[in-house]
Amino acid sequence: MDMALLWEDILSPSDGGAGGGLVHHHPTTSIHGRKTSVRWRFTLWVCWLWVTLACPQHSYADSNGCDFYGSGLEQDGRGVQPVYVSCSSGRVEWQYPRAGLRVILKSPHKDRDFHACIKGDVKFEGARIYLEGHRSLLPLFALDDGRPRELSRCFTSYKGQAALYVEAEPGADDLKKQVAAFEYDLQSLSKGAIYDPLEECRPCSQEELLHLYCAADFVARGTIVGVVDDARLSRTLITVRATKLFQQTSPVFRHAHTHRKVKEASREEKEKKEEQVEEVFSNLVLQEGGLVGRVEVPLQCGARAGGGEFLVMGVMRFGQPVLRCAPRHQEWVSLARVAHARAQCVLET
C-alpha cells in the first residue's frame, strides 16, 4: 500500500443357507471355506471400524469442509464436539449451545502457518470463545469482554493449525433459541515467516500489483476525498471518488443517493461513535457525487490522504472492503505498459 495514501450389516447372523438348513460339504473344502469367510468378514469389519473412527459422525461440516452448522440439542448436553475446517474462510453456526465445540482450523496450504481472524455475528449469544494455548485457554471473544462485538479477534497458528474452544454459557434456557455464530478468515504466511502487523502497511511490489489487479474483489481509479480514523474498531476509513471502475464483486462503489439510503436504513442500529463516522462519510458523498466508495485499512498503518489519482485495489473480508494496494495512477500506467505480456489478464489504465 502506498504510504502517501496512507480459511447390509457387515457381520451376518448365520453362515447357513437362506432357510438356515444344514448343507453337506467335503470336509477340507468346508474348513477352508469357513476360514476364508471369517477372514473376509473380519477384514470388512476392520474397514468399517476404521472409517467410523476416522470420520466422526458429529462433525456436521458440509462437504467442502469450510462451514459448520449444528445444534447443541443433538449433543444432549454432554461432551465436546469436534469440528474440522480447512478453508481460507468460512462460517461456524451453533444453535442452542450446549457443552462445547472444539473447532480445529487448518490452512489449505500444507506446512504453512497463517494469521487468522474471527468476527462474531451481531446477534451472537449463548457462548464464549477461547483460543487453545500451549497450556491454557486464552479468552478470545465474549459479549462481556468490554470490546465491540464487531471488532475482529485475531491470532496466529502453530504448526499450521489453531484450535478454538467454544463453551456454552451455563444455565441455558431450552425454550430460548440462541445462536453462537462467527465467521473466520485465514491469511497464509510465507513458509517460516512470522506475522508482522505492519506487513499490511507496506507498498506492494510490482508482482503483487499485477496479481491483485487480476484477482482483487474491487479495482478502481480515483481520488481520495476523506480519511477518518475509527479507533473503536482499529481501522482507518478512506473515502474514494472513482473516476473509473474496473471491477467489483460487491457494491463497494455506488452512486451517492444509494449510500444515503443505506445510511438512513441502518442508522438506528449504529452506536454513537459509528454514527459520527457515517455522518462524515455521507457529507463527503453528497458533496462529491458520482461513484463513491469507502475502503478500510488497519489503524496502525497511519494512512493519510494524498493528492492525485490512485489505483485502489483490495479484497472483501467479513463483508467489508479492505484496501491491499494503492499505487499512484501514473506508476500503474508505466507498469501496465511493460508488463502486459506476462500478466494473467488484460491490464487497463
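**Figure 1. Five strands of the predicted model form an open sheet with mixed pairing.** The strand order across the sheet is β1-β3-β10-β5-β8. At the edges are β1, residues 68-71, and β8, residues 153-156, and each of these pairs on one side only. From one strand to the next, the twist averages 20 degrees. The model is predicted, and local features are described where pLDDT is at least 70. For orientation, the protein chain as a whole has five helices and 16 strands. Its length is 349 residues, of which 41% are buried. The accessible surface comes to about 19,900 Å², and carbon and sulfur atoms account for 53% of that surface.

**Figure 2. Strands β5 and β8 run antiparallel.** Strand β5 covers residues 114-120, and four bridges join it to β8. Within this pairing, I118 has R153 of β8 as its bridge partner. I118 also has contacts with residues that are further than four places away in sequence. Among them are I129, L140, F141, L151, S152 and F155. The list also includes L164, F182, E183, Y184 and F318, as well as the bridge partner R153.

**Figure 3. The largest nonpolar core has 28 residues.** The residues with the most contacts inside this core are V103, L105, I118, I129, F155 and L164. Several strands give two or more residues to the core, including β2 (80-85), β3 (89-95), β4 (100-106) and β5. The others that do so are β6 (127-132), β7 (137-141), β9 (161-168) and β10 (179-188). I118, seen in the previous view, is in contact with three other residues named here: I129, F155 and L164. A second core, separate from this one, has 18 residues and includes Y213, A216, M313 and C325.

**Figure 4. Strand β4 pairs with β2 and with β9.** The pairing of β4 with β2 is parallel and extends over six bridges. In this pair, V80 stands opposite G100 of β4. The pairing of β4 with β9 is antiparallel, with seven bridges. Here I104 stands opposite A163 of β9. Five of the seven residues of β4 are buried, so the strand is largely enclosed by the rest of the structure.

**Figure 5. A disulfide joins C66 and C87.** A disulfide is a covalent bond between the sulfur atoms of two cysteines. In this pair the sulfur atoms are 1.9 Å apart. The angle about the S-S bond is -70 degrees, and the link of C66 and C87 is left-handed. C66 is in the loop between α1 (27-54) and β1, while C87 is in the loop between β2 and β3. The two cysteines are 21 residues apart, and the pair links distant parts of the chain. Both C66 and C87 are buried.

**Figure 6. A disulfide joins C201 and C301.** The sulfur atoms of C201 and C301 are 2.0 Å apart. This link is left-handed, with -80 degrees about the S-S bond. C201 lies in the loop between β10 and α2 (206-215), and C301 lies in the loop between β14 (291-298) and β15 (309-317), so the disulfide ties together parts that are 100 residues apart in sequence. C201 has a relative accessibility of 7% and therefore counts as buried. C301 is buried as well, with a relative accessible area of 6%. The cut-off for buried is under 20% relative accessible area.

**Figure 7. A disulfide joins C204 to C325.** The distance from S to S is 1.9 Å. The torsion about the S-S bond is about -90 degrees, so the disulfide of C204 and C325 is left-handed. C204 lies in the loop between β10 and α2, and C325 lies in strand β16 (residues 320-325), so the pair ties together parts that are 121 residues apart in sequence. C204 and C325 are buried. C325 also belongs to the second nonpolar core, the one of 18 residues. In total the protein chain has five disulfides. With bonded cysteines counted along the chain, the pattern is 1-2, 3-4, 5-8, 6-9, 7-10.

Terms used:
Residues numbered from 1 in each chain as written. Predicted model: local features only at pLDDT ≥ 70, side-chain atom pairs only at ≥ 80, totals over all residues. Heavy atoms only, no water. Buried < 20%, exposed > 50% of the residue type's maximum accessible area, 1.4 Å probe, protein only. Areas by Shrake-Rupley, 256 points an atom, 1.4 Å probe, with all protein chains shown as cover. Pairing = 2+ DSSP bridges. Axes fitted to C-alpha atoms, helices over the stretch in contact; angles between N-to-C directions. Core = buried A, V, L, I, M, F, W, Y, C linked by side-chain atoms within 4.5 Å. Contact = heavy atoms within 4.5 Å. Disulfide = S-S within 2.5 Å.
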